[in-house]
Structures are given as C-alpha cells and as structure tokens.
Amino acid sequence: MAINNWYKDRVFYQIWPRSFKDGNGDGMGDLYGVYEKLDYIKSLGCDGIWFSPLYPSPGVDCGYDISDYMDIAEEFGGMEAFKKVLDGAHERGMKVIMDLVVNHTSDQHEWFQKSRQRIEPYTDYYIWRPAKPNGKLPNNWDSLFEGKAWTWDDVRGEYYMHLFAIQQPDLNMDNPLVREEVKKILRYWLDMGVDGFREDVITFISKPEGLPDDKLMPASKGIFMFNHGPHLHEYLEEFKRDVFSKYDCMVLAEAPLVTPKKALEYIDEANNPVLDMMIQFATQEADSFMTDYIHMPFNLRKLKKTYTKWQEQLDGKGWNMLYIENHDHPRMVSRYGSEKFQKESAKMLAVSYLFQKGTPFIYQGQEIGMTNWYPSDPEMYEDVQTRWQYFNVATNKSPEKRLQRLWHGSRDSARTPVQWSDEENAGFTTGTPWFYVNENYLQINVTQQETDENSVLNFYRQAVQLRKQLSCVRNGNYKEYGKLSSSFYTYSREDEKEKILVVCSFIGNAKKWNMPAGFDISKAELILANYENTDDTLLQPYETRVYYWKK
Ligand code: GLC
Ligand code: CA
C-alpha cells in the first residue's frame with residue numbers, strides 16, 4: 001500500500017471519460033482529450049487523477065459493465081492512448097488511479113458467456129440459482145437499478161444474481177478462482193505503473209451464506225444483507241496480502257451506508273488496515289434519504305453533523321476521503337448551493353470541504369460550478385437507473401412530477417459534457433456530442449473563467465494552493481462552531497504553528513454574524529473570500545471566508 005502515505009498530500013481530479021473532452025471529433029470523450037488537458041488539470045493544483053472505467057464495455061452502465069479488464073476501450077483511444085496519458089501524468093508529478101469494478105462484470109464478458117454454458121472453470125464464477133419449487137425467485141432482494149436482483153437465463157436454465165443492471169451479473173467472490181482473477185487484474189495495471197484503485201461498491205462483494213431473504217424488504221432492497229458481508233474483510237485482506245502490499249499504491253473503497261465506526265474496521269492505521277480510504281455517502285444525504293430520488297429540503301445541520309462526525313471519529317486513526325461531487329449524484333450548486341448565486345455558492349461549497357482533514361477529490365466540471373440539467377423530455381435521459389426511476393417508479397404521479405423527480409435525482413445531471421468554451425457544443429467536441437450539453441454553457445465555461453480573475457475556476461486554484469501551503473490543513477485539529485445554526489457552517493483547523501477559521505453561509509440572504517468567541521478578528525488575516533468587501537458583522541448570500549492566524 002501507499003509508502004509514506006503519499007495520497008495524504010494530494011488533491012485528486014475525477015474524470016468520467018465519456019464527457020470530459022473529445023479529442024478526435026467522434027462526439028465521445030476520450031484519452032486524446034485527456035492528454036490535451038493534463039496541463040489544465042495540473043493548473044488546478046491537482047496531482048492525482050481517478051479515471052472512471054476506461055475498459056471495453058457494452059456501455060449499459062456507461063463503462064461500469066466491463067467486458068475486458070485488461071484493455072482500454074477503442075472509443076477512448078485504446079492502450080496506446082492510455083500509456084501516453086499515464087506517462088504524461090507521471091511526468092507532471094500526478095498519480096493515476098483506475099476504477100476496479102469487480103462486484104459484477106458485463107454479461108458480455110467471456111467469463112459470463114462461458115459460465116452460462118457451464119464451461120469449466122467458469123461454471124461457478126457467478127451467482128447462479130435454480131428456481132424455487134414454488135416458482136419463486138431464489139430470494140427477495142431487489143436490484144439497485146431495475147426490478148428484482150434475479151434474471152432467468154435460458155442457456156443455463158437458472159437464475160443469476162445482479163445487484164445492478166440486468167446486464168451486470170454479480171461475480172461469485174467466494175470462488176477462489178474469481179479472487180485469483182481479481183489479483184491478476186490488479187497486478188496487470190500496477191505492473192504497468194498505475195498508482196492504485198478506486199474500488200467500485202466493494203463492500204457488496206461478499207454475499208451471506210444461503211442468500212437468505214431480507215426481512216426489511218421492500219424498503220431496504222436487500223442492501224443490509226449484502227453490504228459488509230461475512231467474508232468482506234477477509235477478501236480485502238487477501239488482496240492486500242497478495243497484491244497491494246507489494247506495490248506503492250493507494251486503495252480507495254466505495255462504501256454505501258458506511259459509518260465512521262464501520263470504516264475504522266478497514267482503515268484504522270494502527271490496526272492492520274486493508275484499505276487506505278473509504279468513500280462515504282452520508283454527505284450526499286443532506287437533501288435526500290438513502291437515494292437521491294427520495295428528495296427532501298436541504299438540511300444544513302444534517303450535513304454539518306455528518307462532516308463533523310467523520311472529522312472527529314477518524315481523527316488520528318484513519319484518513320478521510322473528501323468530496324462533494326462525483327458521477328453518481330446531481331450537481332452541488334443546484335442542491336446545497338444556489339443556481340441564482342451560482343458563482344458565490346460554487347466557491348462557498350469549495351471552501352466548505354477543501355479545508356477539512358483528508359484527501360479532496362474534485363469532479364470534472366465542479367471547478368467551474370456546473371449545474372444540474374433540466375431536459376423537457378424523459379426520453380433524453382441516458383442512465384439505466386434514471387430511466388427505470390421514470391418509467392417504473394412513482395408511476396401514479398403526474399408526468400410533470402415524475403420528470404421533476406429526475407431533475408432532483410438523476411446522476412445524468414453530472415454527466416453532461418464539460419463546458420470548455422462558448423463555442424458550439426461547449427467546445428467539448430467538433431462532432432455531434434454523445435449526450436446533451438447543458439444550455440448554460442454560454443455563461444458557464446472554462447475559457448471565460450480563465451480570463452476572469454474572480455471566476456469559480458480561479459477560486460478553486462487559490463483554494464487548492466492554500467490547502468497545500470497550510471500545515472494546519474494537512475494535520476491540524478478540526479473543531480466546529482455554532483453547531484445549531486441552520487445558516488452557517490463554521491470550523492477551525494489548528495496546529496502548533498497556525499490556525500484558520502472557515503466560515504460558510506448556506507443561505508440566499510444576508511444575515512447577522514459574529515466571529516465565534518476566542519478568535520481575535522483584529523489580528524486575523526483574511527486569506528480567502530468570495531466577496532470583495534467583507535463586513536465583520538454580516539455574511540452576504542453564500543458568503544465564505546477563511547481567516548488566518550500565525551502563532
Ligand atoms: C458504483 C458506481 C456507479 C455504478 C455502480 C455499479 O456505484 O459509482 O456509477 O453504476 O457502482 O457499478
Ligand atoms: Ca472521441
């Protein structure tokens with residue numbers, strides 16, 4: 001695993017390849033486009049890249065359905081383009097991590113094709129079950145994307161399990177041969193020079209013995225049965241023992257529903273950790289419950305509680321992964337911020353998390369404050385989960401209400417092409433884009449923000465640079481103030497040398513404010529702010545400030 005914890009000093013940039021930048025004019029983002037933009041990513045102060053899947057895939061789940069783990073998709077430029085990007089990133093001092101998606105494969109993967117024909121050694125690579133005598137499904141679990149978790153396969157004459165799309169059959173990780181395949185994949189990329197992995201829904205890989213029914217259905221979809229299953233820790237330990245411990249690499253695990261206490265079972269540095277960091281979901285739930293489709297008014301106190309809980313409970317034991325956006329959730333300006341105050345709130349949201357303790361990730365387009373997408377027709381959505389949500393859930397509601405559910409809930413809002421300029425297709429492609437461009441690209445785009453010294457983009461650069469300069473941000477204590485406020489989020493970071501106070505307003509009107517007791521404003525230096533004039537007794541809409549004291 002990572003020698004000297006190099007990941008703790010870095011800021012990562014997440015690329016969702018289809019929509020980042022098209023380099024060859026076919027309308028699909030690709031690695032030629034990434035190569036063109038390496039200096040741009042570096043200019044943000046980012047020194048790591050996480051690639052969402054680049055492997056060959058039928059694209060049912062936009063690459064998370066993999067048909068070959070040892071190659072790079074032709075549409076992204078193939079292996080040659082990847083090696084060029086990998087070298088280019090390394091030359092610039094940037095690390096590169098890949099997505100490892102091994103809870104499931106594509107149904108087009110050779111393993112599945114052979115498994116359904118019972119060709120050895122693939123027969124038990126997946127989770128196959130006969131129909132029950134009463135004609136019922138093997139158990140009552142739901143797919144997280146569409147319908148039940150079981151689909152009948154005529155070739156094999158059995159049901160197979162899929163926790164996600166029908167075309168994403170779950171691997172049988174209890175089969176040692178499957179775990180050997182995983183290790184082979186890991187070694188293949190690590191030997192090529194890749195610096196680690198983000199492990200997709202890795203906490204789902206160990207299913208309970210006998211696959212019992214979930215008594216909490218239908219509300220739970222079965223998730224409490226297969227999340228953190230009986231052999232999860234053991235399998236992660238095996239991957240570490242046989243592979244990760246032999247490389248200088250970072251391992252980041254996606255972990256739905258994980259709590260800090262649970263996370264420490266895997267990442268406690270004093271207790272033989274099997275992972276470096278985990279991706280929690282709780283900070284995405286300040287305006288929703290369990291899923292983005294159960295939408296509720298934004299609740300700042302809920303968000304602050306979660307932030308503080310993770311900061312405090314991991315302190316000195318494990319390391320936080322910090323993020324506000326990724327490819328699975330709608331855009332934050334439209335959720336916890338405000339489209340009306342797009343610029344102000346985008347900057348405030350940056351500050352709200354970038355100065356916490358941990359390793360921050362910035363998702364493509366977040367750095368210019370991209371917002372949600374509001375298509376007029378549900379047919380315009382591409383994502384498999386979104387489409388199921390429209391056509392099969394809440395179907396008793398009016399078409400308008402159902403479309404609004406998607407505006408609030410769909411991850412397609414974060415998957416529109418990155419807005420590079422005010423040229424046609426936002427400068428994303430010279431061809432026909434594979435997906436819709438958000439209409440607001442004329443107002444929100446990189447080129448415009450490059451020339452504006454007060455842009456969201458330049459603010460991100462400043463904030464990232466500051467976080468790297470300040471020793472208190474890397475290692476200092478975290479403390480929250482005004483916990484009961486439902487308007488402001490305030491926290492300090494402090495070490496032996498220095499102290500900062502971070503102030504964030506999450507409301508769209510000006511409001512009276514006082515610096516918390518114990519902070520001497522007359523000795524403070526204001527090192528970052530999103531308004532030109534600041535008032536010591538008032539915060540403007542979505543105002544943010546970072547004050548600094550040298551000791
Ligand atoms: C993870 C990915 C998501 C994908 C799912 C199934 O949650 O982030 O994009 O659809 O797993 O692989
Ligand atoms: Ca392309």
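In the predicted model, Arg 129 stands opposite Tyr 159, a residue of strand β6. This pairing belongs to the contact between β4 and β6 (residues 158–161), two strands that run antiparallel and are joined by two bridges. The wider arrangement is an open sheet of three strands in the order β4-β6-β5, in which the pairing is antiparallel. Because β4 (128–129) and β5 (150–153) stand at the edges and each has a single partner strand, one side of each is left without a neighbour in the sheet. In general, strands of a sheet pair through backbone hydrogen bonds, and they do so in either a parallel or an antiparallel manner.

The loop that lies between α4 (110–116) and β4 contains Pro 121, and the peptide bond leading from Glu 120 to Pro 121 is cis, with omega near 5 degrees. A cis peptide bond is also found from Met 217 to Pro 218, where omega is likewise near 5 degrees; Pro 218 is placed in the loop between β7 (196–199) and α6 (223–226). A further backbone feature concerns Cys 62, a residue other than glycine whose phi is positive, with a value near 50 degrees. Cys 62 is located in the loop between β2 (48–51) and α3 (78–91). As background to these features, most peptide bonds are trans, and most residues other than glycine have a negative phi.

Ligand 1 sits in the largest pocket of the model. Around ligand 1 there are 14 residues, of which Asp 61, His 104, Asp 200, Glu 254 and Asp 328 come nearest. When the shell around ligand 1 is divided by class, seven residues are charged, four are nonpolar and three are polar.

Polar contacts to oxygen atoms of ligand 1 involve several side chains, among them that of His 104, in which an N or O atom is 2.9 Å from an oxygen atom of the ligand. For Glu 254, an N or O atom of the side chain is likewise 2.9 Å from an oxygen atom of ligand 1, whereas for the side chain of Arg 411 the corresponding distance is 3.0 Å. Taken alone, ligand 1 exposes 310 Å², and the protein buries 96% of that area. His 104 and Glu 254 are thus both listed among the residues that come nearest to ligand 1, and each also provides a side-chain N or O atom at 2.9 Å from a ligand oxygen atom.

Methods: Residues are numbered from 1 along each chain as its sequence is written. Chains are lettered from A and ligands numbered from 1 in the order in which they are written. This is a predicted model: local features need pLDDT of at least 70, side-chain atom pairs count only at pLDDT 80 or more; totals for chains, interfaces and linings use all residues. Side-chain values use heavy atoms; hydrogens and water are left out. Two strands pair if DSSP finds at least two bridges between them. Helices (H or I, at least four residues) and strands (E, at least two) are DSSP runs, numbered from the N terminus. A residue is near a molecule or strand if one of its heavy atoms lies within 4 Å of it. A polar contact is a pair of N or O atoms within 3.5 Å; within protein, one must be able to donate a hydrogen and the other to accept it, and residues adjacent in sequence count only if both atoms are side-chain atoms. Accessible areas come from the Shrake-Rupley method with a 1.4 Å probe; for residues, only the protein chains shown count as cover. On a 1 Å grid over the protein atoms alone, a cavity is a set of points where a 1.4 Å probe fits but cannot get out, and a pocket is an open set with protein on both sides within 12 Å along at least five of seven lines; lining residues have an atom within 4 Å of a point. A molecule sits in a cavity or pocket if more than half of its atoms lie within 2 Å of its grid points. Ala, Val, Leu, Ile, Met, Phe, Trp, Tyr, Cys and Pro count as nonpolar, Asp, Glu, Lys and Arg as charged, and the others, Gly among them, as polar.
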